[in-house]
Amino acid sequence: MDPRTAAPKLRQPSTTATATVKNKKKKTAAEALGHDVLCIIFSFLDLVQLIRCSAVSTSWSKAVNKLKLHQTEYFKQQHSGPNGLIDASYCQRSLSEQAEQLAMEQHRLALQRGPANVIQWKGHSVGVNQCRMKMGKVLTGVGDKVMRLWSAESCKCLDEYFLVDKAPLIDFDFDEGKVVGLVGTRICIWNRTEARNVFSSRENLFTKALCMRYVDPEAVIGCEDGKVRVFDLYSRKCTQIIKMHQGPVSCLAFTDDQLLVSGSSLGTLSLSDLSSDQRVVQLGSTYSAGVKTLCFNPNSYMVFAGSTAGNVSCWDLRNTTRTVWETRVSPNVIYSMHHLRNDTSTLVVGGIDGVLRTVDQVTGEVISRCIMDDSTTVLHRSTERFGSVQIESRKVKRLSEDDRIDLMTRTSKPQITCLAVGMEKVVTTHNDKYIRIWKFSK
């Protein structure tokens, strides 16, 4: 039997065994350099680079934290007084809070006005229009019969996940242990951490499913009948059915604490808490057009909604009676929005006009507008399991508010069907064969 089409019983991954294997691999690579050598190397890095290094392995993280390089760099850049002394009040704050604050500030500055370039490559045989980015990895799919996992740094293909039959891939997400996909009228799960296997739920489990969001151990599926189905991945059952809209559910946002926000093609927004009594609260409707995309910030409890008319609005879920702000960001459809999980400052927006915009989460002001330069530079060729891939680079143009977008070439601004934000980078898909990573620097 082809291992790609096998459907054995899904087992909850053994986190202990998985962590042991991964730690062994990381330990070998990390300990190739001695502690003294690491300290010398780390002393030349800035804070963002140190944060990335601390995520490589336990030994690297201990080395960075032991030397307190995060703290030293933070104080040196931000809180030195005129006499060169450090404000003692900052010493009481945790090192992680200080590092995170500075990292978010640098991220905002990079998106807002830093130099940037786009790395692009043809990652699929047909047009691809969905992407997700987590832990330095990018998952792309929807269009052909395979999802591909890429390194966000090297652009190398790390793995492939094939669809088990001819049913279309509608939506997907992933974590460290699995890939979860909405395929036709069912849920499929690809195990990443053990021997390759695929679990598939029974057919016709969902009626004309349109979108999906996943937070272990549940996937929520928005359907054309206005209902949201909650699917438990381990019991393999649909555990809840919630009527949230009168029209089709076009987009979803789902949080770790089981807070569910949904948007409808009729322009309505609804909120439900799956951990309580499932009571549905209508946030209201500000659009004559439909809600196309949602993004929820768990730190600020703000939810951002993008419409088919080009509007982006912000709602505070602690006060659902009115919007915090609403901005006409684009003259056309907003397809996708995203931000770093701990970032309460910036929101990246993309849509049919192909302009990558950065919006201030607090005010709704558009603080950056970017498109690509027409010229392309070939960097190198990469041999992947599915063939040779040419990695190319393009410069990024920053636009002013008064620039005429309609006069610019279509090749410089292909429609952005989906985007995902990482630290000082944004990955985009465009319903063509290309995957693009926009890399910003401060």
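How many bridges join strand β2 (residues 130-134) to β3? The answer is five, and the two strands run antiparallel. That is a handy way into this model, which is a predicted one.

**The β2-β3-β4 stretch**

Let's stay with β3 for a moment. Within the β2-β3 pairing, M133 has V138 in β3 as its bridge partner. The two strands make a hairpin with two residues between them, and M135 in the turn shows a positive phi of about 55 degrees. On to the next pairing: β3 is also joined to strand β4 (residues 146-151), this time by four bridges, and again the run is antiparallel. Here T140 sits opposite R148 in β4. The hairpin of β3 and β4 has four residues between the strands, with V142 taking a positive phi near 70 degrees.

How enclosed is β3 (residues 137-141) by the rest of the structure? Largely so, because four of its five residues are buried.

**The overall picture**

Stepping back, the protein has six helices and 30 strands. Of its 442 residues, 51% are buried. The accessible surface comes to about 20,300 Å², and carbon and sulfur atoms own 51% of that. As for contacts with a separation of 6 or more, 48% are between residues 24 or more positions apart.

**An open sheet**

Four strands build an open sheet, in the order β10-β11-β12-β13, with antiparallel pairing. Which strands stand at the edges? They are β10 (209-215) and β13 (237-243); each has a single partner strand, so one side of each is left without a neighbour in the sheet. On average, and ignoring direction, neighbouring strands of this sheet are turned by 20 degrees against each other.

In the β11-β12 pairing, strand β11 (residues 218-223) is tied to strand β12 (residues 227-232) by five bridges. One of the pairs is V220 with its partner V230 in β12.

The loops of this sheet hold a couple of backbone oddities to check. D216 and P217 are joined by a cis peptide bond, with omega at about 10 degrees; P217 belongs to the loop between β10 and β11. In the loop between β12 and β13 you'll find R236, which has a positive phi of about 60 degrees despite not being a glycine. N431 is also a non-glycine with a positive phi of about 60 degrees, and its place is the loop between β29 (425-429) and β30.

**Accessibility of selected residues**

Here are relative accessible areas for some residues that come up in this report.

| Residue | Relative accessible area | Class |
|---|---|---|
| R186 | 7% | buried |
| R236 | 32% | partly exposed |
| C295 | 6% | buried |
| C418 | 4% | buried |
| N431 | 42% | partly exposed |

R186 is an arginine that counts as buried because its relative accessible area, 7%, falls under the 20% cut-off. R186 is in strand β8 (residues 186-191). Leaving out residues up to four places away in sequence, R186 touches V164, D165, G181, S200, S201, R202, E203 and F206.

**Nonpolar cores**

In soluble globular proteins, nonpolar side chains tend to be buried together. In this model the largest nonpolar core has 18 residues, and the members touching the most other members are V348, L356, L419, V426, W438 and F440. At least two residues of this core come from each of α6 (95-113), β1 (116-122), β25 (366-372), β28 (418-422) and β30 (434-440). Which element gives the most to this core? That's α6, with four residues.

L419 has contacts with C131, S336, M337, H338, V348, V349, G350, L356, V426, V427 and T428, again skipping residues up to four places away in sequence. A separate core of 16 residues lies apart from the largest one, and I119, M133, A420 and I435 are among its members.

**Cysteines**

How many disulfides does the structure hold? Zero. C418 is in no disulfide, and the nearest cysteine sulfur, that of C131, is 3.9 Å away. The cut-off for a disulfide is a pair of sulfur atoms within 2.5 Å, so this pair does not qualify.

Technical notes: Residues are numbered from 1 along each chain as its sequence is written. This is a predicted model: local features need pLDDT of at least 70, side-chain atom pairs count only at pLDDT 80 or more; totals for chains, interfaces and linings use all residues. Side-chain values use heavy atoms; hydrogens and water are left out. Two strands pair if DSSP finds at least two bridges between them. Axes are lines fitted to C-alpha atoms, for helices over the stretch in contact, and angles run from 0 to 180 degrees between N-to-C directions. Buried means under 20% relative accessible area, exposed over 50%, partly exposed in between (1.4 Å probe, protein chains only). Contact means heavy atoms within 4.5 Å. Accessible areas come from the Shrake-Rupley method with a 1.4 Å probe; for residues, only the protein chains shown count as cover. A nonpolar core is a set of buried Ala, Val, Leu, Ile, Met, Phe, Trp, Tyr and Cys residues joined through side-chain atoms within 4.5 Å.
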